[in-house]
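Q: I have a two-chain model open and want to go through it. Can you take my questions as they come?

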Amino acid sequence: MKLSHEQVKHIARLARMGLSEAETEKFRSQVSAILDSFEVLNQVDTTDVPAATHSIPLQNIFREDEAHASYPQEEILANAPEREGSFFKVQSILE
Amino acid sequence: MDYETIIGLEVHAQLLTGSKMFCSCNANYTEAEPNSHVCPVCLGMPGVLPVINQKAVEYAMLSALALNCTVSEYTKFDRKNYNYPDLMKGYQISQYDFPIGKHGWLTIDINGNRKQVNITRVHLEEDVAKLHHEHHYSRVDVNRAGLPLMEIVSEPEISSPEEARDYLMKLHSILRYLGVSTCNMEDGSFRCDANISIRPIGCKELMAKVEVKNMNSFKAVYQALEYESRRQRKAVKEGEPIFQETRGWLDEKGETVSQRSKECADDYRYFPEPDLPPLIIDKTWIAKIKEKLPELPEARKNRFVAQYGLLLHDASVLTGSLKMADYFEECVKLAGKERAKAATTWILGDLSRLLNASGTGIGDTKVRPEHIADIIKLTGKNTISGPAAKTIIEETFHTGKSVDDIINDKDLRQVNDISEIQDLIKQAINDNPKAISDYRAGKEQALMFITGQVVKATSGRANPVAVKEILIEELGGK
Ligand SMILES: [Zn+2]
């Protein structure tokens, strides 16, 4: 399955990635190749196989509504690439 | 050509649980330090395992039942994928094809015209982080991320901004009665987005749908939809295209402006959330939740009419707010059922006027049901006059003092004992010879005038009925 140039641009936009024309072409062939590999799965006849949403047959797993202490603020912010005071700092999203 | 307006509303209500939807972080974040109610689960760290908060599910079931929905036997969570800095994981856990409730309805009422608005679905999801936008960057507070959020989607069957407002107020009232959400519109625990389009009357196809966001009050919803229906009609008239887009309401400017282009459902690439097993909701569980349904606004309104003989309109206003309905019933309990109408008059009249003028909620006023009950009882017994009662409620509103104390402080006890005012009556007769002769000549009004003079001389404390009686006697009968 060959993706179109426009489809790759669309996917990049959803991921908020800016791609050059050359990059778009490069990823077009790479992502198309990945999709082709998955196409193999379509060769299996699944007519009588019910759709599976989960791999383990579990249901109704709950927790009680009890609040417990969260992580210390400093630990939560420890991995922040950038911070301002006790906030994470991120780039504005440009449309 | 005439156009009709088609509106569908999407409401998000934060559920009033103690902990978050999928982790045990404290859900009460309003006063908390930024990023202090956060753990690896709600921060979206790799390898963590979310676990469903049972209370949130039961609150959604309760809401679905109150909104006449069918509760799904099988329901599951799905991932909604999109990239935005308010979303830590790059996806939001939501529900796609098997929501907790579907096919419900609620009744709206515009000037006595009742209409059923169908509800498409009620589903659960998680709230996202709060962004504080600065010039070139944003600050992120993750405390709100992972809060249980219930989404209620109406069918596009609302045909005016008035109907939209009434739908929202009815829904708001129901959720408050259920106690599942604080439903505070200012702090965002009750949020509304609208889809609005217009089409030539009789036409079945929908034209481009505009999504309107950022409406933070019932009034804003009404104004934004009013603005948008006018804007779209104008565009069509002038031959300009209407784009399918998201527009934000600017309260201070009173207009909507174009925001980001809308991603469509396909772009969200929904798929079943592998970390959360599905839910099977059996009949026993539904029955158990059904038992918890309280008396809802509609039923309470009808009961007020039947039990207390109230006018439908008064009952509707009283029961629109849970707190006001409770307040009213507390007054009636203290003052007696036969005084229900008087209680209604005081609550919807003087008390509401004082509350509205000062922006106070009925739950926060110093005027307690005890005060209202005392005022009604004392006016009924002629201990205080009508104007004195108005003075008292005003004073209580500001100071919270008891009715008895105010009566004593201000000397408001009505004088029913005529001997106390006999002299004043004699004085009035002497001072008003013209009125006396008018009365004797058959002018009833002259009597009212003199009565008024006497009542005035006692600063409103004399009981006009008693004064009039003694006057007639003094003037040698009729
Ligand atoms: Zn957490």
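What follows is a short chat about the two chains, their interface and a few residues.

Q: What kind of model is this, and what does chain A average in pLDDT?
A: It is a predicted model. Chain A averages a pLDDT of 90, and 98% of its residues score at least 70.

Q: Where in chain A is confidence lowest, and where is it highest?
A: The lowest is helix H1 of chain A, residues 5-14, with a mean of 91. The highest is strand S1 of chain A, residues 62-63, at 96.

Q: On to chain B. How many helices and strands are in it?
A: Chain B has 15 helices and 17 strands.

Q: Is chain B spread out or compact next to the globule rule?
A: Spread out. The radius of gyration of chain B is 30 Å, while the globule rule gives 23 Å for 478 residues; the value is well over the rule, so chain B is more spread out than a compact globule. The C-alpha trace of chain B spans about 95 × 55 × 50 Å along its principal axes.

Q: Which domains does the assignment give for chain B?
A: The domain assignment gives domain 1 as 3-290, domain 2 as 297-410 and domain 3 as 418-474. The centres of domain 2 and domain 3 of chain B, taken over C-alpha atoms, are 33 Å apart.

Q: What share of chain B counts as buried?
A: Of the 478 residues of chain B, 40% count as buried. As for contacts in chain B with a separation of 6 or more, 68% of them are between residues 24 or more positions apart.

Q: Interface next. How many residues of each chain are in contact?
A: 39 residues of chain B are in contact with 31 residues of chain A.

Q: Which elements of chain B give two or more residues to that side?
A: They are strand S2 (52-53), helix H1 (54-66), strand S10 (137-141) and strand S17 (279-280) of chain B. S10(B) gives the most, with five residues.

Q: And how do the residues on that side of chain B divide by type?
A: There are 18 nonpolar, 14 polar and seven charged residues on the side of chain B that touches chain A.

Q: What does S10(B) pair with in chain A?
A: S10(B) pairs with strand S3 of chain A, residues 87-91, in the antiparallel sense over four bridges. A:Lys89 stands opposite B:Arg139 there.

Q: What is the strand order in that sheet?
A: The order is S2(A)-S3(A)-S10(B)-S9(B), four strands in an open sheet with antiparallel pairing. Strand S2 (83-84) of chain A and strand S9 (130-133) of chain B are the edge strands, each pairing on one side only.

Q: And S1(A) with S2(B), parallel or antiparallel?
A: Parallel, with two bridges joining S1(A) to S2(B). A:Arg63 has B:Asn53 as its bridge partner in S2(B).

Q: Back inside chain B. What does strand S13 pair with?
A: Strand S13 of chain B, residues 210-215, pairs with strand S12 of chain B, residues 190-200, in the antiparallel sense over four bridges. S13(B) also pairs with strand S14 of chain B, residues 245-250, in the parallel sense, over four bridges.

Q: Which residues stand opposite each other in those pairs?
A: B:Asn195 stands opposite B:Glu211 in S13(B). On the other pairing, the bridge partner of B:Val210 in S14(B) is B:Glu245.

Q: I clicked on B:Gln232. Where is that?
A: B:Gln232 is in helix H3 of chain B, residues 218-237. B:Gln232 and B:Val210 are 22 residues apart in sequence, and their C-alpha atoms are 9.4 Å apart.

Q: Why does B:Gln232 count as buried?
A: Because B:Gln232 has 21 C-beta neighbours inside 10 Å, and the cut-off is 20 or more.

Q: What does B:Gln232 touch, leaving out residues up to four places away?
A: B:Gln232 touches B:Ile198 and B:Ile242.

Q: Last topic, backbone angles. What is the phi of B:Asn35 and of B:Cys183?
A: B:Asn35 has a positive phi of about 55 degrees, although it is not a glycine. B:Cys183, also not a glycine, has a positive phi of about 55 degrees. Most residues other than glycine have a negative phi.

Q: Where does each lie, and is each buried or exposed?
A: B:Asn35 lies in the loop between strand S1 (3-14) and S2 of chain B, and with 26 C-beta neighbours inside 10 Å it counts as buried. B:Cys183 lies in the loop between helix H2 (161-178) and S12 of chain B. B:Cys183 has 20 C-beta neighbours inside 10 Å, so it counts as buried.

Terms used:
Residues numbered from 1 in each chain as written. Chains lettered and ligands numbered in written order. Predicted model: local features only at pLDDT ≥ 70, side-chain atom pairs only at ≥ 80, totals over all residues. pLDDT = per-residue confidence, 0-100. Domains from an automatic or database assignment. Contact = placed C-beta atoms within 7 Å. Nonpolar A, V, L, I, M, F, W, Y, C, P; charged D, E, K, R; others polar. Pairing = 2+ DSSP bridges. Rg over C-alpha atoms; globule rule 2.2 N^0.38 Å. Buried ≥ 20, exposed ≤ 12 C-beta atoms within 10 Å, placed from the backbone.
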